[in-house]
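Hello,

Here is the structure I promised to hand over. Please have a look at it first, and then read on for what I found.

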Amino acid sequence: MRTDARTGTAMALASMLLVQLGLAASVALIDRIGTEGAAWLRLAWAGVILLVLVRPRLRAFTRRALLASVALGVVTAAVTMLFMAAIARLPLGTASALEFLGPLAVAVIRGRRGTKVLPMLAAVGVVLLTEPWHGGIDLVGVGFALAAAVCWAAYILLTQRVGDEVSGLQGLAVSMPVAGLVATLVVGPSVLAGITWQMLLVGVGLAVLLPVVPFILELLALRRLTTAAFGTLMSLEPAFALVIGLLLLGQVPGWAPVAGVAFVVAAGIGAERTGAREQAAPAPVARPAEDGVLAGR
């Protein structure tokens, strides 16, 4: 049980690190096609990569699992697009603090008695890290950020369900192409004209770094951790951003972000110690077609 928690925590930490590195590596692409265009290119390529590598089999899915996988794809695209729309109107710290309300709500609602203090500790840390009081308020941007928070909460719950019900990476190989399709319908037409072959090639590499590998790690982590522990661990992501900004970009933080790191690290340690699921979900085995199971490919 404790080993599952440690393994799941390590996977979640690795995912957050790769997300921040992927965002840093996307700066040049964002300058050329905008934040939403860069997000679309990553999602579209991620869908293609997982579809080709995993080649999902419909007979591995129950109807409920297939619907959950499709829903996961929709919320994956939504949380990405909505957050990008939010940071176009709000300071990044403000948007990040508002978006974190999603995993925070999951951690509070799903947490066991005696562990609910951890999300509150993490929330204090995130506020100190992001310092939302430094920015102005755009009500439309706030609406986008809050919608992204709802989608992030749904993403956590759906990722765990898909990971429990579908073997291997089959569920992700359905959800990511759906996310890519949704992003293409929403953003693709406005940026396709400006896409070059060089951008397409860069997009492949970025898609592997973010979101392919991080989403795989999160799926595997949620097979081992409770949603409450995972939601609490997500508070460490702004801390990763702060450290990467310091080491790679020379951005020296003030006292409040440093104190915030201490808060979220304390919450993360608590999540690692108490976050194992009572019974880690075994990876399901693909079943032959039967009643209630979609057959064919």
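Buried residues in helix α6 include L118, P119, A122, A123, G125 and V126, and L128, L129 and T130 are buried there as well. Please keep in mind that this is a predicted model. Helix α6 covers residues 117-130, and its 14 residues reach 20 Å from the first C-alpha to the last, close to the 20 Å expected at 1.5 Å a residue. Just after α6, E131 takes a positive phi of about 45°.

Helix α1 invites the same kind of check. Its 24 residues (residues 2-25) should span 34 Å at 1.5 Å a residue, and the end C-alpha atoms are 35 Å apart, which agrees. Among the buried residues of α1 are A5, G8, T9, M11, A12, S15 and M16, with L18, V19, Q20 and G22 also on that list. In general, residues three or four places apart on an α-helix point the same way, because there are 3.6 residues a turn.

Next, a residue to click on: is Q170 buried or exposed? Q170 lies in helix α8, residues 170-186. With a relative accessible area of 6%, Q170 falls under the 20% cut-off and is therefore buried. Leaving aside residues up to four places away in sequence, Q170 touches V54, R55, P56, R57, A60 and F61.

Finally, the surface. V243, L246, L247, L248 and V252 form a nonpolar patch there, with about 520 Å² of accessible area together. One of them, L246, sits in helix α12, residues 237-249. L246 has a relative accessible area of 38%, so it counts as partly exposed.

Enjoy exploring, and best wishes

How values were computed
Residues are numbered from 1 along each chain as its sequence is written. This is a predicted model: local features need pLDDT of at least 70, side-chain atom pairs count only at pLDDT 80 or more; totals for chains, interfaces and linings use all residues. Side-chain values use heavy atoms; hydrogens and water are left out. Helices (H or I, at least four residues) and strands (E, at least two) are DSSP runs, numbered from the N terminus. The expected span of a helix is 1.5 Å times one less than its number of residues. Buried means under 20% relative accessible area, exposed over 50%, partly exposed in between (1.4 Å probe, protein chains only). Patches are made of residues with over 30% relative accessible area and no salt bridge: like charges are joined within 9 Å, nonpolar side chains (Val, Leu, Ile, Met, Phe, Trp, Tyr) within 5 Å. Accessible areas come from the Shrake-Rupley method with a 1.4 Å probe; for residues, only the protein chains shown count as cover. A salt bridge is a side-chain nitrogen of Lys or Arg within 4 Å of a carboxyl oxygen of Asp or Glu. Contact means heavy atoms within 4.5 Å.
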